[in-house]
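Please open the model in a viewer and keep a selection panel at hand. The stops below are arranged as a sequence of selections, each with a short account of what is found there.

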Amino acid sequence: MADLLRLLLQVAEKAANVARVCRQEAPLFQLLVQEKTGDDKNKKFVQDFKTLADVVIQEMIQNDIGAQFPEMVGFIHGEESNKFENGLGESVTVTVCSTEEETAALLATVLDSNHTAATLLARAIHQNPATIDASTDSLTVSLSPSDLGIWIDPIDATSQYIEGREEVLEEGTLCPSGLHCALVLIGVYLRSTGEPVMGVINQPFNYKDPASGGWKGKHFWGVSYGDVNICSLSRPKDASDRGQSLSVVLSSSEKQVVKDTLISLCSPNKVIYASGAGYKILCVIQGLADVYVVSEGSTFKWDSCAPHVLLKALGGGLVDLNKSLQSNSDAQDHKTELTYHQAIAGCKGANCWANDGGLVAYRDHSQLSRIIRALKGKL
Ligand code: 2IP
Ligand code: CA
Ligand code: CA
């Protein structure tokens with residue numbers, strides 16, 4: 001398992017590099033931010049490029065994991081499909097080739113023969129970042145790669161990534177929107193039970209170096225299986241220990257009844273709105289909020305799998321909101337924790353993998369119970 005964790009940290013860092021390159025290299029950045037206007041209206045490739053960054057990153061991650069762990073091929077899933085139609089109506093399957101030149105040639109077909117952009121992107125894909133030292137060598141967990149599946153969200157909070165607002169993060173405060181909300185998420189689950197067991201989160205835009213103007217990232221990881229519970233962050237102090245009331249983070253598009261209920265439970269200044277499903281769970285992991293509530297099926301397995309593991313490792317978790325509201329027991333049983341191996345019957349495409357009952361991410365069981373009690377009968 002130490003091998004797999006090291007690889008995931010490495011490939012998430014490579015993904016973060018690709019995400020940064022797309023914003024830092026002018027020919028790629030222009031594609032990312034350019035809007036369709038006038039004569040460009042018929043050319044879809046500008047719009048395509050926004051998705052291309054996600055598709056390329058996911059392919060690269062799948063490729064690298066499959067190369068080192070062939071037993072996992074077929075069980076490495078993600079948000080994106082690699083079938084792509086460019087502005088000329090041609091259908092292209094985006095794959096990472098064995099050489100940089102071949103990858104560049106393939107990408108050029110998607111990018112309407114923009115060779116400069118294709119070359120820059122291919123270079124980032126084929127460049128290996130320095131190994132990330134996570135002191136993982138002593139990690140012994142009795143799991144084999146053939147027991148495991150993977151969920152990838154190559155870029156979570158794409159809208160924030162494309163908008164690209166640069167915020168200066170203050171230690172210990174939740175910053176609701178901006179580039180720092182964009183995350184690379186790689187989660188590992190058990191094929192047999194769907195239990196999430198290993199998670200890597202990379203925040204490509206954590207800190208902007210004033211000297212070079214370049215962005216630096218930050219990574220977080222966790223392993224939680226059996227008796228092993230390890231997280232790269234230590235458990236933050238709970239609000240009650242700090243003498244503070246419960247704080248909640250929500251999507252600004254959350255239902256009004258949920259907003260109102262939680263405002264009356266926590267007080268208005270303790271209900272904060274932020275972008276990115278992954279970022280909001282990361283806020284709970286870091287102790288910047290105590291819980292994150294979603295009342296609808298607007299998040300997916302690839303959004304929650306990786307950060308779920310870090311919460312579990314810290315003694316918390318991530319439950320299905322509807323199931324928790326229906327459950328009669330106040331003591332949280334494990335039946336309400338989200339699992340990652342089963343598609344929703346009768347759904348199509350991405351909808352099969354929605355967290356359709358909504359969710360609550362928490363560090364502390366008693367805080368989860370307070371939230372569930374408050375929302376009972378309201379939804
Ligand atoms: C999105 C993204 C959005 C989130 C939505 C996710 O993933 O994280 O920010 O909505 O639930 O599915 P909100 O910010 O309102 O919580 P992606 O960016 O990968 O599509
Ligand atoms: Ca997402
Ligand atoms: Ca995404």
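Select glycine 149 and tyrosine 189: tyrosine 189, in strand E5, is the bridge partner of glycine 149. Residues are numbered from 1 along each chain as its sequence is written, and chains are lettered from A and ligands numbered from 1 in the order in which they are written. The model is predicted, so that local features need pLDDT of at least 70 and side-chain atom pairs count only at pLDDT 80 or more, whereas totals for chains, interfaces and linings use all residues.

Extend the selection to the whole of E4 (residues 148-156) and E5 (residues 183-190). The two strands run antiparallel and are joined by seven bridges. Strands (E, at least two residues) and helices (H or I, at least four) are DSSP runs numbered from the N terminus, and two strands pair if DSSP finds at least two bridges between them. Strand E4 is mostly covered, with nine of its nine residues buried. A residue is buried if 20 or more other C-beta atoms, placed from the backbone, lie within 10 Å of its own, exposed if 12 or fewer, and partly exposed in between.

Now add strand E1 (residues 76-78), which pairs with E4 in the parallel sense over three bridges. Here histidine 77 stands opposite tryptophan 151 of E4.

Next, display the open sheet of five strands, ordered E10-E9-E11-E13-E12 with mixed pairing. Strands E10 (271-273) and E12 (317-320) stand at the edges with a single partner strand each, so one side of each is left without a neighbour in the sheet. Neighbouring strands of this sheet are turned by 20° against each other on average, direction ignored. Within the sheet, E9 (residues 248-250) and E11 (residues 291-294) pair in the parallel sense over two bridges; valine 291 of E11 is the bridge partner of valine 248.

Bring in the helices that lie across these strands. Helix H7 (residues 256-266) lies across E9, E10 and E11 and runs at about 140° to E10. Helix H9 (residues 301-313) lies across E12 and strand E13 (359-362), at about 125° to E12. Axes are lines fitted to C-alpha atoms, for helices over the stretch in contact, and angles run from 0 to 180 degrees between N-to-C directions.

Move on to helix H11 (residues 365-375). Which of its residues are buried? They are Gln367, Leu368, Ile371, Ile372 and Leu375. These cover an arc of only 135° around the axis, which puts them on the same side of H11; the arc is that of the directions from the helix axis to the C-beta atoms. On the other side of H11, Ser366 and Arg373 are exposed. The buried residues pack against H7, E11, E12, helix H10 (321-326) and E13, where contact requires C-beta atoms, placed from the backbone, within 7 Å. Just after H11, glycine 377 takes a positive phi of about 80°.

For comparison, select helix H4 (residues 100-110), whose buried residues are Thr103, Ala104, Leu107 and Val110. Their arc of only 110° around the axis puts them on the same side of H4. Aspartate 112, just after H4, has a positive phi of about 50°.

Finally, centre on ligand 1. It is surrounded by 14 residues, of which Thr158, Ser251, Ser275, Ala277 and Ser298 are the closest; a residue is near a molecule if its C-beta atom, placed from the backbone, lies within 6 Å of it.

How values were computed:
Two residues are in contact if their C-beta atoms, placed from the backbone, lie within 7 Å.
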